[in-house]
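Please open the structure in your viewer and keep the sequence beside it, so that each stop on this tour can be selected in turn. The tour moves from one selection to the next and says what is to be found at each.

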Amino acid sequence: WRVSLNPEHAPKLRVNTYYQGMIKRADTSRDQVTLKNHLQEARYFINALEARNETLLRVAQCIVEEQRAFLEYGEEAMRPLVLRDVSEQLGIHESTVSRATANKYMLTPRGLFELKYFFSSHVATTQGGVASATAIQAMIKRLIASEDAAKPLSDSTLAEMLLKEGIQVARRTVAKYREGMNIPPSHERKPPA
């Protein structure tokens with residue numbers, strides 16, 4: 001997988017050489033000091049933008065590496081990932097990861113996703129591993145999509161079916177995930193008689 005920033009949203013900035021040429025190093029007049037200060041601020045600003053883009057790229061690369069299974073197999077393969085995981089791998093603060101991913105999107109072969117989408121809490125599996133909340137939601141969605149319309153699956157039944165797949169979640173967790181996906185409860189999914 002290859003990660004790159006959209007060049008349309010990361011334009012190349014530079015200092016105008018005409019104004020840069022107006023600065024005389026030995027001159028300490030008020031105008032020269034003002035020009036020097038503005039040049040220094042411009043360089044700091046450009047460096048800050050470059051650092052921001054570099055951080056965003058590093059965070060995106062880390063996310064892609066961690067969520068490779070999702071990119072190759074879909075939602076049910078989503079791995080648990082929290083901000084702390086990325087911050088520890090990159091040696092940066094969690095708040096930096098949070099700011100870097102806020103309101104940013106990644107275009108993948110599976111669609112356009114907000115970077116926050118790739119972060120998901122985890123639930124322990126019966127085999128001692130972990131599954132992401134996103135993967136569990138995808139499993140619930142799959143089970144409901146394949147249910148008998150005349151006999152919709154209750155949240156308790158969905159929890160039992162997930163347990164057979166190695167995912168131990170409470171009925172109320174299934175209900176919370178189902179509601180979060182705007183899927184009505186079983187009695188509302190049943191067609192009218």
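Helices here are DSSP runs of H or I at least four residues long, and they are numbered from the N terminus. With that in mind, select D155, whose place is in helix α7. Before going further, please note that this is a predicted model.

**Stop one: D155 and helix α7**

At 12% relative accessibility, D155 counts as buried, because that term covers residues under 20%. Show its side chain together with that of R178, and you will find a polar contact of 2.8 Å joining the two. If you then display the surroundings of D155, leaving aside residues up to four places away in sequence, the residues it touches are R171, V174, A175 and R178.

Now widen the selection to the whole of α7, residues 155–164, where D155, L158, A159 and L162 are buried. Where around the axis of α7 do these residues sit? They cover an arc of only 100° around the axis, which puts them on the same side of α7. An α-helix has 3.6 residues a turn, so residues three or four places apart point the same way. Turn the view to the other side of α7, and there E160 and K164 are exposed.

Which helices do the buried residues of α7 pack against? Select α6 (133–145) and α8 (171–180), for these are the two that the buried residues of α7 pack against. Before leaving, step just past the end of α7 to G166, which takes a positive phi of about 95°.

**Stop two: R171 and the loop after α8**

Select R171 next, which has its place in helix α8. R171 is partly exposed, with a relative accessible area of 43%. Setting aside residues up to four places away in sequence, R171 touches D155, S156 and A159. To get a sense of distance, add T55 to the selection: R171 and T55 are 116 residues apart in sequence, and from C-alpha to C-alpha they are 40 Å apart in space.

Follow the chain onward to N182, which lies in the loop between α8 and α9 (186–189). N182 is exposed, with a relative accessible area of 69%, and its phi is near 60°, a positive value in a residue other than glycine.

**Stop three: S120**

Move to S120, which is found in the loop between β2 (111–114) and β3 (122–124). Is S120 buried or exposed? It is buried, with a relative accessible area of 6%. Display the backbone of A133 as well, since its nitrogen lies 3.0 Å from a polar atom of the S120 side chain. Among residues more than four places away in sequence, S120 touches P80, L81, V82, S132, A133 and T134.

**Stop four: the nonpolar cores**

In soluble globular proteins, nonpolar side chains tend to be buried together. To look at this in the model, select V59, I63, V86, M106 and F118, which touch the most other members of the largest nonpolar core, a group of 22 residues. The elements giving two or more residues to this core are α2 (30–66), α3 (68–73), α4 (83–90) and α5 (94–101), and the largest share, seven residues, comes from α2.

Centre the view on F118, which touches I63, Q67, F70, M78, L81, M106, T108 and F113, not counting residues up to four places away in sequence. Apart from this core lies another, of 18 residues, including V123, L162, V169 and M181.

**Stop five: the largest pocket**

For the last stop, turn on the surface and look for the largest pocket, which has a volume of about 610 Å³. Its lining is made up of 23 residues, and of these S4, N6, Y105, M106 and L107 lie nearest its centre. The elements that give two or more residues to this lining are α2 and β1 (105–108), and α2 gives the most, with five residues.

From β1 you can step back along the chain to N103, which lies in the loop between α5 and β1. N103 counts as exposed, at 63% relative accessibility, and it has a positive phi of about 55° although it is not a glycine.

How values were computed. Residues numbered from 1 in each chain as written. Predicted model: local features only at pLDDT ≥ 70, side-chain atom pairs only at ≥ 80, totals over all residues. Heavy atoms only, no water. Buried < 20%, exposed > 50% of the residue type's maximum accessible area, 1.4 Å probe, protein only. Arc of directions from axis to C-beta. Contact = heavy atoms within 4.5 Å. Core = buried A, V, L, I, M, F, W, Y, C linked by side-chain atoms within 4.5 Å. Polar contact = N/O pair within 3.5 Å; in protein donor to acceptor, adjacent residues only side chain to side chain. 1 Å grid on protein atoms, 1.4 Å probe; cavity = no way out; pocket = protein on both sides within 12 Å on 5 of 7 lines; lining within 4 Å. Points joined across faces, edges and corners; volume = space filled by probe spheres on them.
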